[in-house]
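Student: I should like to understand the terms used to describe a protein model. May I ask how each one is justified?

Tutor: Certainly; let us take the terms one at a time.

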Amino acid sequence: AAGGVPITLRVNGKPHALTVEARVTLLDALRERLDLTGAKKGCDRGECGACTVHVDGRRVKSCLTLAVMQEGREITTVEGLARDGRLHPVQEAFIRHDAFQCGACTSGQVMSAVAVIDEGHAGSVDEIREWMSGNLCRCAVYPNIVAAVRDAAKEKRP
Ligand code: FES
Ligand code: FES
């Protein structure tokens with residue numbers, strides 16, 4: 001398209017060269033240009049957390065940030081969590097605890113949970129609730145989500 005900006009997005013360890021319009025969000029670039037549809041478009045305005053990914057290890061609502069700003073950064077999506085054919089421990093905990101119903105919020109919840117645990121904010125139920133509060137679940141499986149995050153956080157401790 002006219003006026004496109006050439007960028008390289010590093011996603012899940014791989015570089016992708018593409019040309020995007022300056023106003024394209026990271027979420028749309030991931031979903032529509034790179035076919036990485038794990039990050040979901042819920043509200044598209046920063047309110048639901050379904051689009052959560054990691055940028056340089058920190059969680060970001062990808063509907064709120066522009067693709068052109070991600071040059072040189074490391075982006076991780078839910079597709080990049082599994083290693084050597086094994087799900088991430090947080091993904092396993094979500095399955096064990098039945099922490100999803102329709103699944104629309106799940107990849108965002110998982111990406112948030114991974115960051116919350118890494119940042120050391122998963123020490124108690126209240127703490128998990130507070131730090132996960134940017135991720136909404138219309139099916140309201142919150143108790144299961146919190147239980148999954150707690151479990152995964154414990155497992156991680158040495
Ligand atoms: Fe990004 Fe809802 S789609 S916060
Ligand atoms: Fe349906 Fe969370 S599982 S919105």
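Student: Which residues have the most contacts inside the largest nonpolar core?

Tutor: They are Ala113, Val116, Ile117 and Val149, in a core of 46 residues. A nonpolar core is a set of buried Ala, Val, Leu, Ile, Met, Phe, Trp, Tyr and Cys residues joined through C-beta atoms within 7 Å. A residue is buried if 20 or more other C-beta atoms lie within 10 Å of its own, exposed if 12 or fewer, and partly exposed in between, with C-beta atoms placed from the backbone. Please note that this is a predicted model, in which local features need pLDDT of at least 70 and side-chain atom pairs count only at pLDDT 80 or more, while totals for chains, interfaces and linings use all residues. Residues are numbered from 1 along each chain as its sequence is written, and chains are lettered from A and ligands numbered from 1 in the order in which they are written.

Student: Which helix gives the most to this core?

Tutor: Helix H3 (106–118) does, with seven residues. Helices (H or I, at least four residues) and strands (E, at least two) are DSSP runs, numbered from the N terminus.

Student: Why is this core said to lie between the two domains?

Tutor: Domain 1 (5–80) and domain 2 (89–156) both give residues to the core, so the core lies between them. The domain bounds come from an automatic or database domain assignment.

Student: With which residues is Val116 in contact, leaving aside its neighbours within four places in sequence?

Tutor: They are His121, Ala122, Ile128, Trp131, Met132 and Val149. Two residues are in contact if their C-beta atoms, placed from the backbone, lie within 7 Å.

Student: What puts the buried residues of helix H2 on the same side of H2?

Tutor: The buried residues of H2 (residues 89–96) are Val90, Gln91, Ala93 and Phe94. They cover an arc of only 160 degrees around the axis, which puts them on the same side of H2; the arc is that of the directions from the helix axis to the C-beta atoms.

Student: Why is the chain called as compact as a globular protein of its length?

Tutor: Its radius of gyration, taken over C-alpha atoms, is 16 Å, close to the 15 Å that the globule rule gives for 158 residues, so the chain is as compact as a globular protein of that length. The globule rule is 2.2 Å times the number of residues to the power 0.38.

Student: How many helices and strands are in the chain?

Tutor: There are five helices and five strands.
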